[in-house]
Amino acid sequence: MKKKVALVTGSSRGIGKGIAKKLVEHNYLVYINGRNLESLEKTAKEFNDEVKLVVSDLSDDLNNKQAIEKIFKDEGRLDLVVANIGSGKSIAGWNVDMSEYKRVFEINFFSAVSLATHAAEVMKESGGHILFISSIAGCESLGAPMAYSSAKTALLSYAKSLSKATASLNIRVNSISPGNVMFDGSTWDEKSKHDREAVKTYIEKNVPLNGFATPEDIAKAVLYLEESSFTTGTNLVVDGGQLNKII
Ligand SMILES: NC(=O)c1ccc[n+]([C@@H]2O[C@H](COP(=O)([O-])OP(=O)(O)OC[C@H]3O[C@@H](n4cnc5c(N)ncnc54)[C@H](OP(=O)(O)O)[C@@H]3O)[C@@H](O)[C@H]2O)c1
């Protein structure tokens, strides 16, 4: 039987890499993606070169179209697309220039909409699964930069609407909202190196399970939703109880 084919955007490191790893372990043919060839090749080596590479800026609509069409042409199928590109790095406060809102929406929202639109186009004959990586910052107001929170909220809303629009094509659409995820070189790693005590206190105060998620925790949620073949339009929160604590 032919392997299931998946594309995970932004997967040379961090959460995307964790998702790609889990999918490879579960016998998927995985396309990993990033803009930097060197770091992508390094990641591929860690997976014994069992993955294929998409070296491309997938915040760009034309690049998304070309990447999706090429994978579908080469493999004859595309079962899963994980829209993982995104970044919470932005400016705090209310007085933020419009250009910053546009930049943050480009990375966190429009890139995912573009990817999903082109993926649905090739999936419409035989079905598939589109999965968005949002954030708990998109579920509630938690103090993250407003441009980021708004973009991630928009993503959750879009995912729900898309799930209804594509259900008759047997295309499932779901989201995952991670809490605080720790890995080498992550934002939390940087914050921790800068002020370990402040980070420790924040986590103790806000996260009932008292710790960080790992990329593998998010990857497990991806696999769960992949195997949950009757689930669409849902948002799976992986946050150690943080949202539950504030509601
Ligand atoms: N980390 C957290 O605590 C956390 C919490 C909640 C939600 N999230 C969400 O989870 C997702 C992943 O976060 P992360 O922390 O793992 O990100 P990250 O560490 O910044 O990783 C980004 C990955 O995406 C690639 N990338 C960035 N821009 C790209 C582009 N335009 N085209 C193609 N590849 C691109 C990077 O490679 P190149 O630089 O080589 O392109 C890298 O492989 C994001 O959507 C984020 O908002 C993260």
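Modeller: Before we start: helices here are DSSP runs of H or I, at least four residues long, and they are numbered from the N terminus. Also, keep in mind that this is a predicted model.

Biologist: Fair enough. Which element gives the largest share of the shell around the ligand?

Modeller: There are 29 residues surrounding the ligand, and the closest include G10 and R35. Three elements each put at least two residues into that shell: β2 (29-34), α6 (187-194) and α1 (14-25). The largest share is three residues, and it comes from α1.

Biologist: And by class, how many residues of that shell are polar?

Modeller: Gly counts as polar in this scheme, and G10, G14, G34 and G86 are among the closest residues to the ligand. The shell also has seven nonpolar and three charged residues. The polar count is 19.

Biologist: Let's move to the backbone. Where is N27, with its positive phi?

Modeller: Most residues other than glycine have a negative phi. N27 goes the other way, with phi near 70°. It is exposed, because just 11 other C-beta atoms lie within 10 Å and the cut-off for exposed is 12 or fewer. As for its place, N27 sits in the loop between α1 and β2.

Biologist: N170 has a positive phi too. Is N170 exposed, partly exposed or buried?

Modeller: N170, with phi near 60°, lies in the loop between α5 (146-166) and β6 (171-178). Exposed stops at 12 neighbours and buried starts at 20. N170 has 15 C-beta neighbours inside 10 Å, so it counts as partly exposed.

Biologist: What about A44: which residues does it touch, leaving out those up to four places away in sequence?

Modeller: A44 belongs to helix α2 (residues 37-46) and is partly exposed, with 18 other C-beta atoms within 10 Å. Its C-alpha atom is 9.8 Å from that of Y31, 13 residues apart along the chain. The residues A44 touches are I32, D49, V51 and L53.

Biologist: Last one, on helix packing. Are α3 and α4 roughly parallel or antiparallel?

Modeller: The axes of α3 (residues 61-75) and α4 (residues 98-123) come within 9 Å and cross at roughly 30°. Angles under 35 degrees fall in one class, so α3 and α4 are roughly parallel.

Biologist: How many residues of the contact of α3 with α4 are nonpolar?

Modeller: I68 and F72 are among the α3 residues there, and they meet a set in α4 that includes L115, A119 and V122. Three polar and three charged residues are also part of the contact. The nonpolar count is five.

Terms used: Residues are numbered from 1 along each chain as its sequence is written. This is a predicted model: local features need pLDDT of at least 70, side-chain atom pairs count only at pLDDT 80 or more; totals for chains, interfaces and linings use all residues. A residue is near a molecule or strand if its C-beta atom, placed from the backbone, lies within 6 Å of it. Two residues are in contact if their C-beta atoms, placed from the backbone, lie within 7 Å. Axes are lines fitted to C-alpha atoms, for helices over the stretch in contact, and angles run from 0 to 180 degrees between N-to-C directions. Angles under 35 degrees count as roughly parallel, over 145 as roughly antiparallel, 65 to 115 as roughly perpendicular and the rest as oblique.
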